[in-house]
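Trainee: I'd like a close look at a single part of this model, with the reasoning spelled out. Could you walk me through it slowly?

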Amino acid sequence: MTIATEAVRSLGAHYPLHGDRLYRMLRAELSTAGCFRPARARSAAYGAFILAGYAAAYTTLLAGPGLAVRVLALAALAFLTVHAGFLAHEAGHGAITRNRHAIAGIGQVFNTLLTALSYSYYCHIHRRHHPHCNDRGRDPDMQSGFFSMYPQSAQEKTGLGKLISRHQSVLIWILVWLQPFTLKIASIRFLGQNPRTTRVDQIVMLLHFALWFVPPVLVLGLPAALLNYGLMSLLAGPYLGAIFLVNHIGTRVIEPDQSVSFFMQELSTTRNLGTSRLHDFLFGGVNNHIEHHLFPSVPTARLRAARPITRAFCQRHELVYREMPWLAAAHEVTRHFKAMSAFIPALKRAPGGSP
């Protein structure tokens, strides 16, 4: 069995209820409201929009347009690569179809081909994030060599990681521009470490780079091709950061020895953002992040309907339900990073006062 097949099964599966009565009650309410019904027409239209927009912007770049049109095309491609990831993410959770081959196909096209984020690598990290959200021992999103999201991580930092963590409340919003590059590098490294089980990813990844460095180099030359690809990747960074930095950071951190039900863990470690349809579009539905984390198989188009039901349920049962504007969430994230910086060990000073 390949890594991709294992990942598809894991992401698409329902998580165990852990005997959680409240979780079962809420699930029943959402099911009655039709929140688990597929929304395949919406997904097909969304996919067609992404592919058509990507092709149009790519073709525009090949024509060697003026500066204004070139920047617009690059911004559109950066925007669409993020949305391609949204669609692959939804498919990976079994929210579009339960057919494993169709899920893998969607993932390879919209993740690996369009963004160079290997779908197998994405599934490898994401399938561990969802059931272990903010668990500092098991959630890969809590681990970073450069940023510290809990005290123990800050205390263990050395070298460059220690320097960055010391100023992370500011640097996080700057270095997030580089996130697309780090994801591509991590994907390539993962493929190199798992050559036999990621053959499809390897082929599709080669197609991605052929798409971006064969016709563009022949038509525009190598410098222009490199600049276009670099700028497109760079522009996707702040968009990714605006969406994903505010989902969990600054909420509860789960300790390795804590016993918390899946329901309570997801509620206490996740926050929702804006409620408008524009928010739904810009954030790919993950502004309804509580509902997505509790019930990953709910189609993106149904998360909006699931949100008031979940909110009212939590209010009736006096459960935390964290939702706020984006700026308030960003402030919490910044404040949390600054608080974690305080745990960085002080620089040792040599006798005489010199560091």
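Trainee: Is phenylalanine 281 buried, exposed or partly exposed?

Mentor: Happy to. Keep in mind that this is a predicted model. Phenylalanine 281 has a relative accessible area of 35%. Buried would need a value under 20%, and exposed a value over 50%, so phenylalanine 281 counts as partly exposed.

Now look at the ring. A search of the whole structure turns up 19 aromatic pairs. In one of these pairs, the ring centres of phenylalanine 79 and phenylalanine 281 are 5.8 Å apart and the planes are at 50 degrees, so the pair is tilted. Why tilted? Planes under 30 degrees apart would count as stacked and planes over 60 as edge-to-face, and whatever is left is tilted. It helps to remember that a pair of aromatic rings is described by the distance of the centres and the angle of the planes.

Where do the two partners sit? Phenylalanine 79 is in helix 4 (residues 67–92) and phenylalanine 281 is in helix 15 (residues 277–282), so the pair ties together parts that are 202 residues apart in sequence. Phenylalanine 79 is partly exposed too, with a relative accessible area of 22%.

Next, stay with helix 4 and find histidine 83, which lies in that helix. Its relative accessibility is 0%, so histidine 83 counts as buried. Leaving out residues up to four places away in sequence, histidine 83 touches Tyr46, Ile50, Tyr239, Phe281 and Leu282. So your phenylalanine turns up again, as one of the residues that histidine 83 touches. For a sense of distance, histidine 83 and alanine 104 are 21 residues apart in sequence, and their C-alpha atoms are 17 Å apart in space.

Let's follow the aromatic theme to another spot. Tyr23, Phe36, Phe262, Phe263, Phe295 and Phe313 form one aromatic cluster. Take phenylalanine 36 from that cluster: it is found in the loop between helix 2 (21–32) and helix 3. Setting aside neighbours within four places in sequence, phenylalanine 36 is in contact with Arg27, Leu30, Ser31, Phe295, Ser297, Val298 and Pro299. Phenylalanine 36 and leucine 303 are 267 residues apart along the chain, yet their C-alpha atoms are separated by 9.2 Å.

That loop brings us to helix 3. The axes of helix 3 (residues 40–62) and helix 11 (residues 199–213) come within 11 Å and cross at roughly 40 degrees. That crossing makes helix 3 oblique to helix 11. On the helix 3 side, Tyr54, Tyr58 and Leu61 meet His208, Leu211 and Trp212 of helix 11. Sort the residues of this contact by type and you get five nonpolar, one polar and no charged.

Set beside that another helix pair. The axes of helix 8 and helix 9 come within 6 Å and cross at roughly 105 degrees. Helix 8 and helix 9 are therefore roughly perpendicular to each other. Ile164, Ser165 and Arg166 of helix 8 make the contact with Gln168, Leu171 and Leu175 of helix 9. Here the sorting gives three nonpolar, two polar and one charged.

Helix 9 is worth one more glance. Its buried residues are Gln168, Ser169 and Ile172. Seen down the axis of helix 9, these residues fall within an arc of 100 degrees, so they line one face of the helix. The general idea behind that is handy: an α-helix has 3.6 residues a turn, so residues three or four places apart point the same way. The buried residues of helix 9 pack against helix 8 (159–166) and helix 18 (326–341).

Last stop, threonine 269 in helix 14 (residues 262–269). With a relative accessible area of 0%, threonine 269 is buried. Among the residues that threonine 269 touches are Cys133, Asn134, Asn247 and His248. Asparagine 134 has a quirk of its own: its phi is positive, about 60 degrees, although it is not a glycine. You'll find asparagine 134 in the loop between helix 6 and helix 7 (151–156), and at 4% relative accessibility it counts as buried. Alanine 116 also has a positive phi, near 65 degrees, and its place is in the loop between helix 5 (100–115) and helix 6 (119–129).

Methods: Residues are numbered from 1 along each chain as its sequence is written. This is a predicted model: local features need pLDDT of at least 70, side-chain atom pairs count only at pLDDT 80 or more; totals for chains, interfaces and linings use all residues. Side-chain values use heavy atoms; hydrogens and water are left out. Buried means under 20% relative accessible area, exposed over 50%, partly exposed in between (1.4 Å probe, protein chains only). Helices (H or I, at least four residues) and strands (E, at least two) are DSSP runs, numbered from the N terminus. The arc is that of the directions from the helix axis to the C-beta atoms. Contact means heavy atoms within 4.5 Å. Axes are lines fitted to C-alpha atoms, for helices over the stretch in contact, and angles run from 0 to 180 degrees between N-to-C directions. Angles under 35 degrees count as roughly parallel, over 145 as roughly antiparallel, 65 to 115 as roughly perpendicular and the rest as oblique. Ala, Val, Leu, Ile, Met, Phe, Trp, Tyr, Cys and Pro count as nonpolar, Asp, Glu, Lys and Arg as charged, and the others, Gly among them, as polar. Rings of Phe, Tyr and Trp (its six-membered ring) pair if their centres lie within 6.5 Å; planes under 30 degrees apart count as stacked, over 60 as edge-to-face and the rest as tilted.
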